[in-house]
Amino acid sequence: MKLNKRNWIRTMCAAAVVAAVSGAAFAQGAPLKIGLLATLEGPFAAGGADGMRGAELALNQRGGVVAGRKIELIKASSNAQPDVAVNAARKLVEQDKVEIMVGPLSGGEGIAVKDYSKTQPQVTFINGSSGAQATTLVNTSPNFFRFNTDGAQWMVGLGKAAMDKGFKRTMIIAEDYAFPYSQVQGFMAEYCRLGGKVPLKAWVPLGAKDYSSVIARIPKDVDSLLVILGGADAVNFLTQYENAGGDLPMMGGSITVSQDVLNYKGKRRDSLVGTISAGPVADNFEGADWRAFVADYRKAYPVSAGGFPSPSLFAFAYYTNMKAALDGLAAVNGDLSGGQAKYRETLSKMVLKTPTGDVRLDGNRQAIGTTFVTEVVKDAQGNLSTKVLRKVDNVDQTLGMKKEDFQMGTRDTPVCP
Amino acid sequence: MTRNERFATWLLVGGPIAVFSVWALADNTRLYLVTLLNSLTLASLYFIVASGFTLVFGLMRNVNLAHGSLYLLGGYVGYVVARETGWWIIALAAGFLAAAIAGLLIQVLILRRMQGQELRQTMVTIGLSIVIADLLLMVFTGQVHQMEAPSFLQGPIRDIPLIKAYSAYRLSLLGFGIAIGLFLWWLLNRTLVGSMIRAGVDDRAMLAAAGVNVNLVFAVTFALGAGLAGLGGVIGAVELSMVPGEDTRLLLASLIVVIVGGMGSVTGAAIGAAILGLAETYGLAYAPTYSVVFTFVILIVVLAFRPRGIMGRPA
Amino acid sequence: MNAAKWRRAMNTGPTTGPTRPLPRAATQPAKPAPDPYADSSAPRWLKALWRTVSPRHVFVLALLLLVPFVASPFVTYQVAAQSLILGLIALSLSFLAGYGGIVSLAQMTVAGIAGYAVAVLGASGTASSLGWHWGLVVPLALLIAVVCSTLVGWLSVRTDGIYTIMITLAIGVAFYYLVLQNYSVFNGFQGFQKVYPPTVWGISWRSPMPFYFLCLFWALAGYFAIQWLVRTPFGIALQGTRDNARRMNSLGFNVTATRVLAYAVSGLLAGVGGVLLVWYNGLISPGSVGTGWLINVLVIAVLGGMKHPIGAFLGAIVFILLQTFAIDLIDRERFNLVIGGVFLAIVLFSPDGLLGLWAKLRMHFGPSQVLTSTTQRR
């Protein structure tokens, strides 16, 4: 090639183009590690698997890249025990050096991980699906964010629906740990205020199988049961109750009518049809965003590949929280410098669009969102799902009550015998 | 024990129970009677599973801690067979056979090589229980598997005086327990195999010296014990559903039954199961937060005064 | 009767009369090996040290001391410190099983009792804790652990060895259900959160390096204590009861008392491990004392080998490494399969655990030396 001015200019332009392209590649940034923690063992194993599916769905909707940075998802597993969850979180944070952590699934784990998050201020912790009130109500952590509503918020509206159906005296049967306490408090706050009575609360240990004694103790003068059991416990109770000749109408907690229970392998499910409940999702909700979410879930995880016929509330909660993490990242253009201050401020202030409506955070970094009052229905194929009776928006952590009147749910509070 | 001591023991144990029963009957008759039925039916399930455990322990001095996993295996196999064929009876047989074959393989392939090293055998069963439980988790996932009761046992029996209605299947558990108990009694007391097993429990060395093929007797006993666990699994799958974690629960129940009732004794297993069922169920019904403490107290008392169990014999 | 009295009884008495030909040569103890430092002028304690400590020991000690300086805080805390704590608890089981012939599955229960005592009596995030000073709480927790371990021992020693596994497992699970269902004292399913080590002498003992040294100190203390204990008359008597209880009984030893005392010692070790464990986790809940952990402690002890105290720590390191890093290699969900399979393989092919494997390898590939039995104790 002759070394003349034209060739020289051509070469320089080519070099400039090459430099620009490679410079842009450098400017793309290193991959971002996000840790994902769910219960893949133990009593909530099926729910945990669905939670992970929901989180992956949120990531895949963005093509795995946010603000030019590739997202690397590092998974960890727990078994609903707080110490295992903290160990898994510690490995993600200190060994794998994740910058954002999404999880855990269960209420007790959430409180333990929140305590751990206070010792790791350089990482942003976002909840998975844990729903205990105490996580964002007592001893809050400045870098723990929860974009799903808590157990008590999930029960708003059920008290009124119960009174409308004529259930004036209810017996509550619930598992004995933090999340059901929240659910009971959310139900009773409204129910008792409207004049309902709860003569007996039966707390059963998590994983108890034999409900014959509890069923035997059902007082003669109650006209309905509120059953807040999850997974295998719910299935056992329903079977044993029906076999014992019980015929009282039942109401369900949010995880009692979740897809992992409605889809258990066995035939004794007809007794569930007509059960009213409340929670963050309703399988047959007609909103456009929800329909799109369900369609995406079904396409990515058909039943043959292990997915549920409809996403469970675990999938929904993990999807919401992961979407919040990614939307926040996009809003600050992937900039996590300065102790992630800009990112956290964005998270605190943003309005998140979820499949069921908009979600904002309150002063304790707890979500204010939508709750559905639902009823279980059976479709032509025999699958069970929940339909919407009523949609309540802008439910906040104090359930609309004044802060002074609000009591966190425990075993013994609230009471209205 | 002298006559006076025996009388004192019966008074000490029976007295508070009698007082409590009178009060409970007066307070809520239906609850008391229903709880009684619940405890006896639960005891039947525990008896079926624990009888296998005590046979194996009594004859081969082997604490088979994989017993719970065999329960789970039988239950899952029974569930699959019931779903495919629709017959619950076939599922029962399938569950029994699956667990029995697994037990036979374990005994012949692994445990026979460690004859005499009881501790090592026990640790092998621990390892096997972990592996089997995880394999079952991999195949069947954590989903709940609830088996259907046979159609003639579904639903409640109504119009019983005082109790009003009771689950037919649960009542049938009592029938199963009694049937298996009678079958085991017949097997152990009226057949040749049974007499060999009883002789082996008393003195293994003499049994071998008398010319009996001890290895064969061991294999048959282990298969029978494992099969009983599998049978219990199918029966329990209807009442309590199949979920990972059931293996530990039933193993614990078997342990307590055998400790309380005495090792190697099927009668002891029946007594132990009755005591455990009563304590657990009455505890759950009348004092739910302390039901386990009752079981614990009973365990401690039995261990303190009769370390070999109520019907146990010195080694 | 202890060993010294026995020796005295054998060496004095009517057999020293002039008419008796004594087959003394056969019963005389072997002459001690010639002292290689006999002509050195160093003080006696230093010569004793030179005899017992070899370069290998110094090397290992130096390695242990250097860990927090070369490894990341995560490895120091989650891998090294946790291994030391679990190793200590497994050591209590190793001691009982290897030297006493008693396999007790309740060691994690005793550790849990100490942990719960620290949580209930000391400061925690839960309202029902009493908040006493740690100087009172820790010794009290250890005392409670020893008492409970003695009780467990008293309940289970009066039966045959194989029964012990069943009884201790049942006791362990009963304790699990007790803490799961009781709310007034043990706070049920939630357990106690925010149980942290105190800040003493201005050092926060929760940070990885000080905590590691704390664990190292107690692990070494436990290790040397056991090494010393098994050479005392009590330790020898315990090994005697392991080998042949009937003969020990006929010699006049109180077998039951020896075993119960062994339980008490193991209870102290497990108690120390339990206090460190609750500080490590920062919380304690029923899951910490569930069947999974009861069996894990046995797995750790068997993995390393129960014939020598170092086996417990070896097993703990392997277990923690598998647990922490298995998820990177295989599915975390299949962790139980891996650990169960490894345990099964060890029990089937090398019952003495990794130590037995090491001894066999040394026999095969090492320099030709006096035949080393795999059961030799050092």
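I call two strands paired if DSSP finds at least two bridges between them. I start with that because my opening entry is about paired strands in a predicted model.

**Sheet in chain A**

I looked up S1 and S3 of chain A: strand S1 (residues 32-39) and strand S3 (residues 69-78) run parallel to each other and share eight bridges. Within this pair, I found A:Leu36 opposite A:Lys75 in S3(A). A handy reminder for myself: strands of a sheet pair through backbone hydrogen bonds, either parallel or antiparallel.

Then I traced the whole sheet. It is open, has six strands with mixed pairing, and its order is S2-S3-S1-S4-S5-S6 (chain A). Which strands are at the edges? They are strand S2 (65-66) and strand S6 (144-145) of chain A, each of them pairing on one side only.

**Helices on the sheet**

Next I checked what lies against these strands. Helix H2 (residues 45-61) of chain A crosses S1, S3 and strand S4 (100-102) of chain A, at about 155° to S1(A). Helix H3 (residues 82-95) of chain A also packs on the sheet, where I see it touching S1, S3 and S4 of chain A. The direction of H3 makes about 155° with that of S3(A).

**Cis peptides in chain A**

I noted a cis peptide bond between A:Gly103 and A:Pro104, with omega about -5°. A:Pro104 sits in the loop between S4 and helix H4 (107-117) of chain A. A cis bond also joins A:Thr413 and A:Pro414, with omega about -10°. I place A:Pro414 in the segment after strand S15 (384-395) of chain A.

**Positive phi in chain A**

A:Asn333 is not a glycine, yet its phi is positive, about 60°. I found A:Asn333 in the loop between helix H12 (313-331) and helix H13 (337-349) of chain A. Is A:Asn333 buried or exposed? It counts as exposed, because it has 12 C-beta neighbours inside 10 Å.

A:Gln340 has a positive phi near 60° and is likewise a residue other than glycine. A:Gln340 lies in helix H13 of chain A, and it is buried, with 21 other C-beta atoms within 10 Å.

**Chain B overall**

Turning to chain B, I counted twelve helices and two strands. The radius of gyration of chain B is 20 Å, close to the 20 Å from the globule rule for 315 residues, so chain B is as compact as a globular protein of that length. Its C-alpha atoms fill a box of roughly 60 × 55 × 35 Å along the principal axes. I also noted that buried residues make up 56% of the 315 residues in chain B.

How values were computed. Residues are numbered from 1 along each chain as its sequence is written. Chains are lettered from A and ligands numbered from 1 in the order in which they are written. This is a predicted model: local features need pLDDT of at least 70, side-chain atom pairs count only at pLDDT 80 or more; totals for chains, interfaces and linings use all residues. Helices (H or I, at least four residues) and strands (E, at least two) are DSSP runs, numbered from the N terminus. The radius of gyration is taken over C-alpha atoms; the globule rule is 2.2 Å times the number of residues to the power 0.38. A residue is buried if 20 or more other C-beta atoms lie within 10 Å of its own, exposed if 12 or fewer, and partly exposed in between; C-beta atoms are placed from the backbone. Two residues are in contact if their C-beta atoms, placed from the backbone, lie within 7 Å. Axes are lines fitted to C-alpha atoms, for helices over the stretch in contact, and angles run from 0 to 180 degrees between N-to-C directions.
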